[in-house]
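Here are some notes for a colleague who is meeting this structure for the first time. They are set out as numbered points, and each can be followed with the structure in view.

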Amino acid sequence: LAVLLLLDTSGSMRAGISKMAAAAQSALQQLGSEDQVTVLWFSRTLQVAQSFTRERAPIEQAIRGALQAPDLGAGTLINTNVREAAQYLEEHAPPE
């Protein structure tokens, strides 16, 4: 299974970003050891915080990193970033 965690670090998430990170960590715990995960953040632009990996430590670190994302609290271009995330998934997902 290949999972993309897309984390919104825009201004509208400022009050709820800790809950978002906790939910992402909880979702991560439900995955199997062979599942691969990538973490992307977005506000104005999309950033790859962690490329696909089976290792959980770098994924957990990337999720925590969303709490200090460089553009935390900035405006959001949600449609553009969701499209770019889908394209990233299509281009970088590991083979099944």
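**Notes on the fold and selected residues**

1. Beyond its neighbours within four places in sequence, Asp8 is in contact with Met13, Ile17, Met20 and Phe42. The model is a predicted one, and within it Asp8 lies in strand β1. With a relative accessible area of 13%, Asp8 is buried, since the cut-off for that word is under 20%. Asp8 can also be set beside Ile78: the two are 70 residues apart in sequence, and their C-alpha atoms are 8.4 Å apart in space.

2. For the overall architecture, the protein has three helices and three strands, and from the N terminus on these elements follow the order β-α-β-β-α-α. The radius of gyration is 13 Å, close to the 12 Å that the globule rule gives for 96 residues, so the protein is as compact as a globular protein of that length. Taken along the principal axes, the C-alpha atoms fill a box of roughly 35 × 25 × 15 Å.

3. Turning to the interior and the surface, buried residues make up 39% of the 96 residues in the protein. Among the contacts with a separation of 6 or more, 69% are accounted for by residues that stand 24 or more positions apart. The protein exposes about 5,600 Å², and carbon and sulfur atoms supply 51% of that area.

4. Which residues of α2 are buried? They are Arg56, Ile59, Ala62, Ile63 and Gly65, and these buried residues of α2 pack against β1 (2-8), α1, β2 and β3. One of them, Arg56, reappears in the next point, as a contact of Leu31.

5. The place of Leu31 is in the loop between α1 and β2, and with a relative accessible area of 23% Leu31 is partly exposed. Leaving aside neighbours within four places in sequence, Leu31 is in contact with Leu1, Val3, Val37 and Arg56. Leu31 and Leu1 are 30 residues apart in sequence, while the distance between them in space, C-alpha to C-alpha, is 8.6 Å.

6. Leu1 itself is found in the segment before β1 and, at 67% relative accessibility, counts as exposed. Not counting residues up to four places away in sequence, Leu1 touches Leu31, Asp35 and Gln36. A further pairing to look at is that of Leu1 with Leu89, which are 88 residues apart in sequence and 12 Å apart in space, C-alpha to C-alpha.

7. Toward the other end of the chain, Pro95 is found in the segment after α3 (78-92), and at 79% relative accessibility Pro95 counts as exposed. Pro95 and Leu5 are 90 residues apart in sequence, and the separation of their C-alpha atoms in space is 18 Å.

8. The last point concerns charge. Side chains of opposite charge can pair when their charged atoms come close. The protein has 7 positive and 10 negative charges, whose mean positions are 10 Å apart. How many salt bridges does the count come to? The count comes to one salt bridge, which Glu34 forms with Arg54, the closest N and O atoms being 3.3 Å apart. Glu34 lies in the loop between α1 (17-29) and β2 (36-42) and Arg54 in the loop between β3 (46-53) and α2 (56-65), so the pair ties together parts that are 20 residues apart in sequence. As for accessibility, Glu34 counts as exposed at 55%, whereas Arg54, at 43%, counts as partly exposed.

Key. Residues are numbered from 1 along each chain as its sequence is written. This is a predicted model: local features need pLDDT of at least 70, side-chain atom pairs count only at pLDDT 80 or more; totals for chains, interfaces and linings use all residues. Side-chain values use heavy atoms; hydrogens and water are left out. Helices (H or I, at least four residues) and strands (E, at least two) are DSSP runs, numbered from the N terminus. The radius of gyration is taken over C-alpha atoms; the globule rule is 2.2 Å times the number of residues to the power 0.38. Buried means under 20% relative accessible area, exposed over 50%, partly exposed in between (1.4 Å probe, protein chains only). Contact means heavy atoms within 4.5 Å. Accessible areas come from the Shrake-Rupley method with a 1.4 Å probe; for residues, only the protein chains shown count as cover. Lys and Arg count as positive and Asp and Glu as negative; His and the chain ends are not counted. The place of a charge is taken as NZ of Lys, CZ of Arg, CG of Asp or CD of Glu. A salt bridge is a side-chain nitrogen of Lys or Arg within 4 Å of a carboxyl oxygen of Asp or Glu.
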